Amino acid sequence: MLLESITMTDFQKGLKKTKTLIIPFGTVEEHGSHLPLSTDTMQVYEVVKEAAKRIKVFVAPPLHYGVLTSTRNHAGSIGISANSLRMITRDIIKSAYVKGLRNFILISGHAGNIHMSALKEIGEEMIDEFDDIKIAVISEYDMIRKESDKFVETKDDGHAGEIETSRILHLAPHLVKGRAKEEYPKLPKPFLVRDKVKYWKGGIWGNPAKATHEKGKKLFLFSVDRVVEIIKRIEKIR
Ligand SMILES: [Zn+2]
């Protein structure tokens, strides 16, 4: 049940079947010169929509903005602060709680540390505040990582590389503009640098040339299965 397309009445009826809400989180973020800025949003929202065809669950419209760190200086990247993410996530959960929802799955297509921490912080805050809710916080990218290691050829593939290019080739091939070159960031850790583009020109972490539609499809289906499992588990655990 996608909140974007159901009615008030559908919502009331749906509540008798499930009290679980999935909230997908994405970004407007550079994904190299070949993938759309909404790559993270698209990956996670398509997975969640497919899962919702297989099991009764409410799905919130995705939040299209996230907290960006190493990609935030690149062209097209439009991020929000961790504080904004915390505030909006808290507001959405509280409002959905008042409407009768009790299980919340926060799943993010963007795996940045600060971004994920902000979501976890609010999850922790909410379970302290309401004693009858359950919350799961998931980085979708980390969830599929072990599975992807089985067939993804690029050893250190992270951002807009083999994995993400494969996934968009599967979900929206018309949005893939050729293939950017293999690249890895050269950020001089542990230092935080002001001009991140200087150390990471193309904004790619991995090798897009190894991407295929089939790999993308495998990862998509694996991810859908995991999400369905998590929905079943959150409804059972105490
Ligand atoms: Zn991404």
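Which residues coordinate the zinc ion? His 31 (NE2), Asp 40 (OD) and Glu 164, whose OE atoms appear twice, do so at 1.9 to 2.7 Å. Donors here are N, O and S atoms within 2.8 Å of the metal (3.2 Å for Na, K and Ca), and water is not among the atoms, so sites may look incomplete.

Before going on, note that this is a predicted model, where local features need pLDDT of at least 70 and side-chain atom pairs 80 or more, while totals for chains, interfaces and linings use all residues. Residues are numbered from 1 along each chain as its sequence is written, and side-chain values use heavy atoms, leaving out hydrogens and water.

Back at the zinc ion, the 4 donor atoms subtend angles of 52 to 145°, which makes the arrangement irregular. Four donors count as tetrahedral if all angles lie between 85 and 135 degrees; four count as square planar and six as octahedral if opposite donors are over 155 degrees apart and all others between 65 and 115; anything else is irregular. Along the chain, the donors follow the spacing H-x8-D-x123-E.

Two of these residues are buried (under 20% relative accessible area, with exposed over 50% and partly exposed in between; 1.4 Å probe, protein chains only): His 31 at 0% and Glu 164 at 4%.

Charges also sit over rings, meaning that NZ of Lys or CZ of Arg is within 6 Å of the ring centre and within 35 degrees of the ring normal.

| Charged residue | Ring | Distance to ring centre |
|---|---|---|
| Arg 102 | Tyr 97 | 3.7 Å |
| Lys 218 | Phe 151 | 4.3 Å |
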